[in-house]
Amino acid sequence: MATYKKGDSLISIVIPTLNEVANLNQTIEYTNSQSAHPERMEFIVVDSGSDDGTMESIQDTEILVFSKPEFVLKKYQSLNYGLEKASGDLVLFLDADTLLPKHFDLSIVKALENEEVVGGAFEFAFRKPDVKLSILTLVNRIRYRLDKAYYGDQAIFARKATLNLISGVPAEALMEAAYLCKALRKQGKLALIKPGIRTSPRRFNEHGFFKVVWFDFNMFIRFNLGLPVSGYANKYWSKNLNNR
């Protein structure tokens, strides 16, 4: 297994937030507990206008916290701002409701030992999935093995130098992570790390499983046909943010 040596890379973990008081501290604490070397972690929270006390709830004074309400509905801007502030050689984009696997940092270091690999993501899974979510997980795993377009809840990571080379996360109001993967693949290979993340199924619980699947399927088709998806961003974000 890969190990850190003196002078090895710092991993900057960028977490975009909007009304995540119920998840943020748990995610940060869990991330630290799963890291083999938490002293090599840097947390950057970019908040786009929370009104539920998200920023005030942050307990660790070493976390870099930025209030950017002008980034609301534009997640890519939050990610790029975090990238700009990152001190690490490696950058990990983490959703506030996503839990990383044990020794995720060693897994990232090991994946990037291959010079052809410029970044990657983690295998996808839900927390406490029922039958429908388990089937969806299987379908999703097949999908991203075919198109290599990982989504934001899969904790995408990359070398900071590569992210700067491609001018950061593409300015897409929806499916920014998939567009990011598309840009990264032009620079090299993407690694898929197992065991994977576990993310919240709250979108499916709050809005109805089949409605969410249908919406996501339509976005998947449009993305792969090269059709724009940004026109659906307001619909997506208004539904998801109104329930937090």
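A salt bridge is a side-chain nitrogen of Lys or Arg within 4 Å of a carboxyl oxygen of Asp or Glu. Arg202 and Asp97 meet this rule through their side chains, at 3.0 Å from N to O. The two residues sit in distant parts of the chain, 105 residues apart. Arg202 belongs to helix α8, residues 202-207. Asp97 lies in the loop between β4 and β5. Both Arg202 and Asp97 are buried. The pair is also part of a network of salt bridges that links Glu20, Asp97 and Arg202. The model described here is predicted.

The overall fold comes next. The chain holds ten helices and nine strands. Its radius of gyration is 17 Å. For 244 residues, a compact globule would have a value near 18 Å, so the chain agrees with that expectation. Along the principal axes, the C-alpha atoms fill a box of roughly 50 × 40 × 35 Å. Buried residues make up 52% of the 244. Contacts across the sequence are counted at a separation of 6 or more. Of these, 76% join residues 24 or more positions apart.

The surface and charges can be described briefly. The accessible surface is about 11800 Å². Carbon and sulfur atoms contribute 54% of that area. The chain carries 31 positive and 28 negative charges. The mean positions of the two sets are 7 Å apart.

Salt bridges number eleven in the chain. Lys75 takes part in a bridge with Asp95, where the side chains meet at 2.9 Å from N to O. This pair, too, links distant parts of the chain, with the two positions 20 residues apart in numbering. Lys75 is in helix α3, and Asp95 is in the loop between β4 and β5. Lys75 has a relative accessibility of 16%, so Lys75 counts as buried. The cut-off behind this reading is 20% relative accessible area, with buried residues under it. Asp95 also counts as buried, because its relative accessibility is 15%.

Lys75 has a further partner in Glu176. The side chains of Glu176 and Lys75 meet in a salt bridge at 3.8 Å, N to O. Glu176 lies in helix α7 and Lys75 in helix α3, so the bridge ties together parts that are 101 residues apart in sequence. Glu176 is buried as well, with a relative accessible area of 6%.

The setting of Asp95 can be filled in from its contacts. The loop that holds Asp95 runs between β4 (90-93) and β5. Apart from neighbours within four places in sequence, Asp95 is in contact with Ile15, Thr27, Lys75, Gly152 and Asp153.

Ala173 offers another view of how separate stretches come together. Its place is in the loop between α6 (160-165) and α7 (176-185). The relative accessibility of Ala173 is 18%, so Ala173 counts as buried. Ala173 and Lys74 are 99 residues apart along the chain, yet their C-alpha atoms are separated by 5.3 Å. With residues up to four places away in sequence set aside, Ala173 touches Leu73, Tyr76, Ala233 and Trp237.

Leu73, one of these contacts of Ala173, has an unusual backbone entry of its own. Phi of Leu73 is near 70°, a positive value in a residue other than glycine. Leu73 is found in the loop between β3 (64-67) and α3 (75-85). Leu73 counts as partly exposed because its relative accessibility is 34%.

His103 also has a positive phi, near 55°, and is likewise a residue other than glycine. The place of His103 is in the loop between β5 (98-99) and α4 (104-111). With a relative accessible area of 26%, His103 is partly exposed. Helix α4 follows in the description. Six of its eight residues are buried, so α4 is largely enclosed by the rest of the structure. The buried residues of α4 are Phe104, Asp105, Leu106, Ile108, Val109 and Ala111.

One further backbone feature concerns a proline. The peptide bond that joins Lys194 and Pro195 is cis, with omega about 0°. Pro195 lies in the loop between β8 (189-193) and β9 (198-199).

Terms used: Residues numbered from 1 in each chain as written. Predicted model: local features only at pLDDT ≥ 70, side-chain atom pairs only at ≥ 80, totals over all residues. Heavy atoms only, no water. Helix = DSSP H or I, 4+ residues; strand = E, 2+ residues; numbered from the N terminus. Rg over C-alpha atoms; globule rule 2.2 N^0.38 Å. Buried < 20%, exposed > 50% of the residue type's maximum accessible area, 1.4 Å probe, protein only. Contact = heavy atoms within 4.5 Å. Areas by Shrake-Rupley, 256 points an atom, 1.4 Å probe, with all protein chains shown as cover. Lys, Arg positive; Asp, Glu negative; His and termini not counted. Charge placed at Lys NZ, Arg CZ, Asp CG, Glu CD.
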